[in-house]
Amino acid sequence: MTKIPLPDEAATQALAAKLVATLPADKSGLLVLLQGELGAGKSTLARAMLRHMGYSGRVPSPTYTLVEPYELFGVTVYHIDLYRLSGEKELEYLGWDDLRDGLILLEWPERVPQLQKQADLLVQLDYDGAARTAALTGLSARGEEMLGHW
Ligand SMILES: Nc1ncnc2c1ncn2[C@@H]1O[C@H](COP(=O)(O)OP(=O)(O)O)[C@@H](O)[C@H]1O
Ligand SMILES: [Mg+2]
């Protein structure tokens, strides 16, 4: 596990840049879990990762749409928010199996604990007063490989 202090939002953006830099060349099928309380910075991190992957348009929160797709050069990124989901069965309504080829940035993985088994990287964001901390855990060989570059 790699722990990173995030004193301000700029630090969260820098973490996003570093995460993007360590993504494997073949990003398809990579599942990154963004876990933490409301306001911990999950959407901020996902938004900044999309920017660093070259997306310059608007990045709305997927709270109501659940899935926001982004066609980027060489990969489709799915920004997902499971906050309003109540279990594994409902993942089917999202067309989960059709999303698995993309790079998935997923908020509120707690809603479907079974996702941990499929995931590559867990980014746990926590409050530290007004600041935040991130804890990165590799959940697969690909995830561990990313952390090896830290
Ligand atoms: N490292 C940080 N330190 C302090 N505030 C931060 C940090 N990172 C993000 N923020 C702020 O915290 C809030 C996070 O909101 P958001 O990203 O929507 O959280 P979440 O998606 O986890 O609910 C934003 O207002 C953002 O400006
Ligand atoms: Mg969010």
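The side chains of Gln 35 and Gln 124 meet in a polar contact of 2.8 Å, and that pair is a good place to start reading this predicted model. Gln 35 sits in strand β2. Is Gln 35 buried or exposed? With a relative accessible area of 14%, Gln 35 is buried, because that value falls under the 20% cut-off. Looking beyond residues up to four places away in sequence, you will find Gln 35 touching Lys 42, Pro 109, Glu 110 and Gln 116, along with Leu 122, Val 123, Gln 124 and Leu 125. There is also a long-range pairing to look for: Ala 134 is 99 residues from Gln 35 in sequence, yet their C-alpha atoms are 9.6 Å apart in space.

Lys 42, one of the residues that Gln 35 touches, takes us to helix α2, where Lys 42, Ser 43, Leu 45, Ala 46, Ala 48, Met 49 and Leu 50 are buried. Against what do the buried residues of α2 pack? Their partners are α1 and the strands β2 (31-35), β3 (67-72), β4, β5 (103-107) and β6 (121-128). Just after this helix, Gly 54 adopts a positive phi of about 100°.

From α2 it is a natural step to ligand 1. A shell of 17 residues surrounds the ligand, with Glu 9, Gly 39, Lys 42, Ser 43 and Thr 44 the closest. Which element gives the most to this shell? Helix α2 does, with 3 residues, and α1 (9-22), α2 (42-52) and β7 (131-138) each supply at least two. By character, the shell divides into 6 nonpolar, 5 polar and 6 charged residues.

Polar atoms of the protein come up to the ligand at several points. An oxygen atom of ligand 1 lies 2.5 Å from an N or O atom in the side chain of Thr 44. The backbone takes part too: a polar backbone atom of Asp 8 is 2.9 Å from a ligand nitrogen, and one of Leu 6 is 3.0 Å from a nitrogen of the ligand. Taken alone, ligand 1 exposes 580 Å², and the protein buries 74% of that.

Two of these residues, Leu 6 and Thr 44, also turn up around Thr 12. Setting aside neighbours within four places in sequence, Thr 12 is in contact with Leu 6, Gly 41, Thr 44 and Leu 45. Thr 12 belongs to helix α1 and counts as buried because its relative accessibility is 6%, under the 20% limit.

Another buried threonine waits in strand β4 (residues 75-81), which holds Thr 76. The relative accessible area of Thr 76 is 17%, so this residue is buried as well. The side chain of Thr 76 joins that of Glu 71 through a polar contact of 3.0 Å. Not counting residues up to four places away in sequence, Thr 76 touches Tyr 70, Glu 71, Gly 102 and Leu 103.

Leu 103 leads us into the nonpolar interior. In soluble globular proteins, nonpolar side chains tend to be buried together. Here the largest nonpolar core has 32 residues, and those with the most contacts inside it are Leu 19, Met 53, Val 77, Leu 103, Leu 105 and Val 123. Which residues does Met 53 contact, leaving aside its neighbours within four places in sequence? They are Val 20, Leu 23, Leu 72, Val 77, Leu 103 and Leu 105. Apart from the largest core lies another, of 19 residues, including Leu 31, Leu 82, Leu 91 and Ala 119.

Terms used: Residues are numbered from 1 along each chain as its sequence is written. Chains are lettered from A and ligands numbered from 1 in the order in which they are written. This is a predicted model: local features need pLDDT of at least 70, side-chain atom pairs count only at pLDDT 80 or more; totals for chains, interfaces and linings use all residues. Side-chain values use heavy atoms; hydrogens and water are left out. A nonpolar core is a set of buried Ala, Val, Leu, Ile, Met, Phe, Trp, Tyr and Cys residues joined through side-chain atoms within 4.5 Å. Buried means under 20% relative accessible area, exposed over 50%, partly exposed in between (1.4 Å probe, protein chains only). Contact means heavy atoms within 4.5 Å. A residue is near a molecule or strand if one of its heavy atoms lies within 4 Å of it. A polar contact is a pair of N or O atoms within 3.5 Å; within protein, one must be able to donate a hydrogen and the other to accept it, and residues adjacent in sequence count only if both atoms are side-chain atoms. Accessible areas come from the Shrake-Rupley method with a 1.4 Å probe; for residues, only the protein chains shown count as cover. Helices (H or I, at least four residues) and strands (E, at least two) are DSSP runs, numbered from the N terminus. Ala, Val, Leu, Ile, Met, Phe, Trp, Tyr, Cys and Pro count as nonpolar, Asp, Glu, Lys and Arg as charged, and the others, Gly among them, as polar.
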